[in-house]
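Me: I'd like to go through this one with you, starting from the ligand and working outwards. Have a look first.

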Amino acid sequence: MLKFDFNNMMEKYIGREGITDVELAAVGGEAAAAYAKFAAERGTGMTEWADLPYTQDAVVEDILACAEDVKKNFDNFVVLGIGGSALGPIAVFTALCHFRYNDLPAEKRGVKFFVEDNVDPERMLALLDVIDVKRTVFNVITKSGATSETMSQYLIIADILKKAVGKDWNRHIIATTSEKKGNLIKLAKKEGFKTFYIPDGVGGRFSELCPVGLLPAAVLGIDIRGLLAGAAAMDKRCSSDDMSKNPALAAAALQYIAMKKGKNISVMMPYADSLKFMADWYCQLWGESLGKATDLDGKTVHVGQTPVKSLGVTDQHSQVQLYTEGPFDKVITLIGVEKFRGDVVIAEGAEEFPDVNFLCGHTMGELINTERIATEYALTRSGHMNNTVMLPEVNAESVGELLMFFQLQTAYCGALLNIDTFNQPGVEEGKNATYALFDRKGYESKKAELNAAPKKDAKYIV
Ligand code: PA5
């Protein structure tokens, strides 16, 4: 069972920068109200994601059958998607598959797996260098069906497939999209693609537990029922408006208090390479959900915490100096793993070097966990807010728990901040400017606005 340890958020342990018991108790009413608001809305509007662990029996059957077909008939599975349509699949793949999965001999792995979440031409060319499109399935994931990056990737791949495969090219595309809206569903119907649906009330960054994440996971042989069971277990543990009984609510309330104390940065630091990309997934979830200019009453608030990804122990030799001695503007969340799935003994051989020899006979698992505890101590001693999420082990259930924990924490925190957690108006401005720069019809006034913007001054370019 996942454990959330927030001792080192408290004044008792970190001193004046910490939260007092009185401050924590004082936010109890607001936290209970945030819980009640979320509980009243869940399953409706944009909170349908919370019910995904319970509502997908038929979808799971369909996914498993499709995954079997992919495994039987193809060598490669490529996700084309971006943001919430890519970060979850990457995080779960990295957490639950072999570290060198694609490099394993064919008999020791399933189909090779790639997630293409950028429109860098060199990357696309590199992908095409290492896959045979005739042996590849492309899972195009876009809820809106309008995302320029994903749709341009689709067009490139569709063209290549048509030329390489001929009339059966459509067997090489699986569309994961909205059932009702957007271009991809129209294309899917026209071309006859196998299709999975992203429910209306599931936004990109909350979509890992729907077909967006479940299909890639199933193709990789990950226990998707285990993922959903872990998420359900966490959801049940979070069914109280009392922070002392609801870990995600406690985590949300603590960040809420921390923000009020000027902690505007949330560092996510797993001490496990397998969870490295969980930090990327969290960064989108936290940043896009909570970074908002106005609240639900229309008041200008400019809230949010800047999420930062970090990796233990690697970033102890890069960022931790700043975290222990820099400004008191951060909350550092460490993710620890009690038991690694394998371990390596540090061999003897340094008897004459006492400052190395002390390591001999211990394991790498012991070393990484000891360094996590040591970093926690250093952060605490220097008075910097930190908390720890402990997983017993990285497996499908614990990853499901972790995903649900952070999703619920984000939803509760958004409710505490009185903002719309599930929209992303700030992303639109850049998208619209791209459309205008490409002379897309309907964006003439945006183009005029861009043309009228002050021209760059050469004196500021050296
Ligand atoms: O969380 C979100 O809603 C976004 O990050 C989207 O996932 C991202 O913009 C991709 O959108 P779409 O799935 O419509 O292509």
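Reply: Sure. A polar contact here is a pair of N or O atoms within 3.5 Å. Keep in mind that this is a predicted model.

Me: How far from an oxygen atom of the ligand does a polar side-chain atom of Thr147 lie?
Reply: The cut-off for a polar contact is 3.5 Å. Thr147 has a polar side-chain atom that meets it, and its distance from a ligand oxygen is 2.5 Å.

Me: And what are the distances for the side chains of Ser85 and Ser144?
Reply: In each case the pair joins a ligand oxygen to a side-chain N or O atom. For Ser85 the separation is 2.9 Å. For Ser144 it comes to 2.6 Å.

Me: How much of the ligand's accessible area does the protein cover?
Reply: On its own, the ligand has 390 Å² of accessible area. The space it takes is the largest pocket. Of that accessible area, the protein covers 88%.

Me: Which class has eight residues in the shell around the ligand?
Reply: The surrounding residues include Gly84, Ser85, Thr142, Gly204 and Gln424, and also Ile82, Lys143, Arg205 and Glu288. Sorted by class, one residue is nonpolar and three are charged. The class with eight is polar.

Me: Zooming out, how far apart are the C-alpha centres of domain 1 and domain 2?
Reply: Domain 1 is made of 3–41 + 228–417, while domain 2 runs over 48–222. They touch through 29 residues of domain 1 and 23 residues of domain 2. Their C-alpha centres are separated by 30 Å.

Technical notes. Residues numbered from 1 in each chain as written. Predicted model: local features only at pLDDT ≥ 70, side-chain atom pairs only at ≥ 80, totals over all residues. Heavy atoms only, no water. Near = heavy atom within 4 Å. Polar contact = N/O pair within 3.5 Å; in protein donor to acceptor, adjacent residues only side chain to side chain. Areas by Shrake-Rupley, 256 points an atom, 1.4 Å probe, with all protein chains shown as cover. 1 Å grid on protein atoms, 1.4 Å probe; cavity = no way out; pocket = protein on both sides within 12 Å on 5 of 7 lines; lining within 4 Å. Sits in = over half its atoms within 2 Å of the grid points. Nonpolar A, V, L, I, M, F, W, Y, C, P; charged D, E, K, R; others polar. Domains from an automatic or database assignment. Contact = heavy atoms within 4.5 Å.
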